[in-house]
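Trainee: I'm new to this one and would like a close look at a single part. Could you pick a place where two helices meet and walk me through it?

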Amino acid sequence: MKKELVSPTNFNIMVSKLSDILVRALDAPLGYAINWGRVWSLWPVHLETACCSVEFGAASGPRYDVERFGIIEAFGSLRQCDLIVVQGTVTRKMAPRLRMVYDQMPEPKYVIAMGACAITGGLYIDSYNVLPGVDGIVPVDVYVPGCPPRPETLIQGTMLLQEKIKRSKIK
Ligand code: SF4
């Protein structure tokens, strides 16, 4: 009887059940801790193509100080970044480059479309060579409207993204 209880098959079943219980017990707190780290250390790639980028510059200065919301301004390479902020008009010629930048970033990654041009093509919507929004090329998480959006709007968009990250499940 004792021999059967500790057979290799039983032992494997017990270990897998135990690991299931452990994963369920740790999933919520661990997920919270990992998401907390992601929320407060977003490393952005700035895709600066037009005037909206000036407002990002303003948001990064001492008056608005976007870094206090966890947007870290310095980055080394695309492989360290987890956020693209598209700041301005994106032309059809530039679209594959935008996708290339996105593809080089590790998962999980996020996209903010900043300003009317990035969202819909803006003033240039009728132009033959301007994209009617970047969401056909990369999956946009947050749209920040305006022409250009003020720094406060950009900060609000960042906070919306942070809420989304907090609610996301760890894969
Ligand atoms: S949305 Fe307005 S401010 Fe921003 S890039 Fe387009 S024209 Fe310039």
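Mentor: Sure, here is the setting first, then the helix pair, then one residue in it, and a short stop elsewhere for contrast.

Keep in mind that this is a predicted model. The protein chain has 6 helices and 4 strands, and starting at the N terminus the order of elements is α-α-β-α-β-α-β-α-β-α. With a radius of gyration of 22 Å, well over the 16 Å that the globule rule gives for 171 residues, the chain is more spread out than a compact globule. You can see that in the box its C-alpha atoms fill, roughly 80 × 35 × 25 Å along the principal axes. As for burial, 37% of the 171 residues count as buried. Contacts reach along the sequence too: among those with a separation of 6 or more, 77% link residues 24 or more positions apart.

Now zoom in on helix α2, residues 8-39, and helix α6, residues 151-167. Their axes sit 8 Å apart, and the packing angle is about 160°. Anything over 145 degrees counts as roughly antiparallel, so that is the label for α2 and α6. The crossing of α2 past α6 is right-handed.

Who does the touching? On the α2 side you'll find Asn35, Arg38 and Val39, and they meet Gln162, Ile165 and Lys166 of α6. Sorted by class, that contact is an even mix: 2 nonpolar, 2 polar and 2 charged residues.

Let's stay with Asn35, which lies in α2. Its relative accessibility is 3%, and the cut-off for buried is under 20%, so Asn35 counts as buried. Setting aside residues up to four places away in sequence, Asn35 touches Ile165, Lys166, Ser168 and Ile170. Two of those names, Ile165 and Lys166, you have just met in α6. Since α6 covers residues 151-167, Ser168 and Ile170 carry numbers beyond that range.

For contrast, hop over to Thr120 in helix α5, which spans residues 116-120. Thr120 has 34% relative accessibility, so it counts as partly exposed, whereas Asn35 is buried. Apart from neighbours within four places in sequence, Thr120 is in contact with Ile125, Leu131, Pro132 and Gly133. If you'd like a distance to trace on screen, go from the C-alpha atom of Thr120 to that of Val85: the two are 35 residues apart along the chain and separated by 15 Å.

Terms used: Residues numbered from 1 in each chain as written. Predicted model: local features only at pLDDT ≥ 70, side-chain atom pairs only at ≥ 80, totals over all residues. Heavy atoms only, no water. Axes fitted to C-alpha atoms, helices over the stretch in contact; angles between N-to-C directions. Helix = DSSP H or I, 4+ residues; strand = E, 2+ residues; numbered from the N terminus. Parallel < 35°, antiparallel > 145°, perpendicular 65-115°, else oblique. Left-handed = near helix turned anticlockwise from the far one by under 90°. Contact = heavy atoms within 4.5 Å. Nonpolar A, V, L, I, M, F, W, Y, C, P; charged D, E, K, R; others polar. Rg over C-alpha atoms; globule rule 2.2 N^0.38 Å. Buried < 20%, exposed > 50% of the residue type's maximum accessible area, 1.4 Å probe, protein only.
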